[in-house]
Amino acid sequence: MARAAPGPKQLHEIAPDVYACLQPDRGLGWSNSGFINRAGGLVVDTFWDLPHTRALIEQYARVWKRPTQRVVNTHHNGDHCWGNQLFAGAEIIGHRLCAAWFGHERPASMQAIKQLAGSADAALASLARALEPYDFTGIELTPPTTLFDDRLVLDLDGVHAELLYVGPAHTAGDVIVHLPAQRVLYAGDVLFRLCTPIGWEGTFAKWIEALDRIIALAPEVIVPGHGPLCGIEGPREMSAYLSYVRAESARHFADGLPMIEAAKRIDLGPYAGWTEPERLIFTVARAYRECRGESYDAPIDTPALFRDMFELRAHWAGH
């Protein structure tokens, strides 16, 4: 069976012994990772499949030749944790809600979707093509076993690392990793930089609060879950995006517009150039759920939202 070819990755030393491994943002699944080269090594997030995670390990082997002793998962989405099994023997750390939600996504389901690139269903074929770079075979879900609630502090041979729970924001179990002395912060998917966010479980209020908390910590370098490195301009801009889409969606909800029609009428302005702006539909869907008074973790119809993404992209292409 042909294997997915991992894309290029860039290793950046952003402070002494502190690294970011960035993947070029090409849309769905192109996430970032981090590495702290102290106390046996700590990896912040793995990648979506085994080939890409092996390539990640090769990058980190440039600065650390031994097996990494710790892995932190910032949340449960597969593009940040499905490579965990390759870190055999490592302590895997995460929020207890990250562990609880771990099995909600299944590698076999993603592999099955990937086989439908030739489908007559244009929306389904489009999603399948987006998955072409990945190979979801052989993945054994390996959730965190060292769990915490609000805060966990690690002393990594003099590097003070604070793991802070900020969910439910992007997901129920969001964690950020703050290195105060180095003024570095790994944001996970609390922050998408110059790419349109998708949120799965959580509320606007908590997500904006999480971004405000990042700003208050005043890091010099932020490693977002997706997109390039940034400073606090990143969370400020994303907070403005979320606030804007929430307000516009609530206005259209009050007018009785269907969700897809609301998305079509929202003027993205400066956000139109972000990667995959059609992901807007997920944020509109969150706003509509809140307007209906639904729970932050109410099930969402993900296949329907990906169809709406396809429709929204086609709508904009025709105008």
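The following questions and answers concern a sheet, its helices and several salt bridges in a predicted model.

Local features here need pLDDT of at least 70 and side-chain atom pairs count only at pLDDT 80 or more, while totals for chains, interfaces and linings use all residues. Residues are numbered from 1 along each chain as its sequence is written, and side-chain values use heavy atoms, with hydrogens and water left out.

User: What is the strand order of the open sheet of five strands?
Analyst: Strands (E, at least two residues) and helices (H or I, at least four) are DSSP runs numbered from the N terminus, and two strands pair if DSSP finds at least two bridges between them. Pairing in this sheet is mixed. The edge strands, each pairing on one side only, are β8 (151-156) and β12 (221-226). The order is β8-β9-β10-β11-β12.

User: Which residue in β10 is the bridge partner of E162?
Analyst: Strands β9 (residues 159-165) and β10 (residues 175-179) pair in the antiparallel sense over four bridges. In β10, the partner of E162 is H178.

User: At what angle to β11 does helix α5 run?
Analyst: Axes are lines fitted to C-alpha atoms, for helices over the stretch in contact (heavy atoms within 4.5 Å). Angles run from 0 to 180 degrees between N-to-C directions. Helix α5 (residues 204-217) lies across β9, β10, β11 (184-192) and β12, and its angle to β11 is about 160°.

User: Which strands does helix α6 touch, and what angle does its direction make with that of β11?
Analyst: Helix α6 comprises residues 233-254 and packs on the sheet. Its contacts are with β11 and β12, and the angle with β11 is about 20°.

User: How far apart are the closest N and O atoms of R183 and E220?
Analyst: A salt bridge is a side-chain nitrogen of Lys or Arg within 4 Å of a carboxyl oxygen of Asp or Glu. R183 lies in the loop between β10 and β11, and E220, 37 residues away, in the loop between α5 and β12. The closest N and O atoms of this salt bridge are separated by 3.1 Å.

User: Is R38 buried or partly exposed?
Analyst: Buried means under 20% relative accessible area, exposed over 50%, and partly exposed in between (1.4 Å probe, protein chains only). R38 forms a salt bridge with D17, at 2.8 Å between the closest N and O atoms. At a relative accessible area of 25%, R38 is partly exposed.

User: Which residues are joined with K264 into one salt-bridge network?
Analyst: K264 and E261 meet in a salt bridge of 3.6 Å, N to O. Because they are three residues apart in helix α7 (residues 259-265), about one helical turn separates them. Through shared partners, the network joins K264 with E261 and E311.
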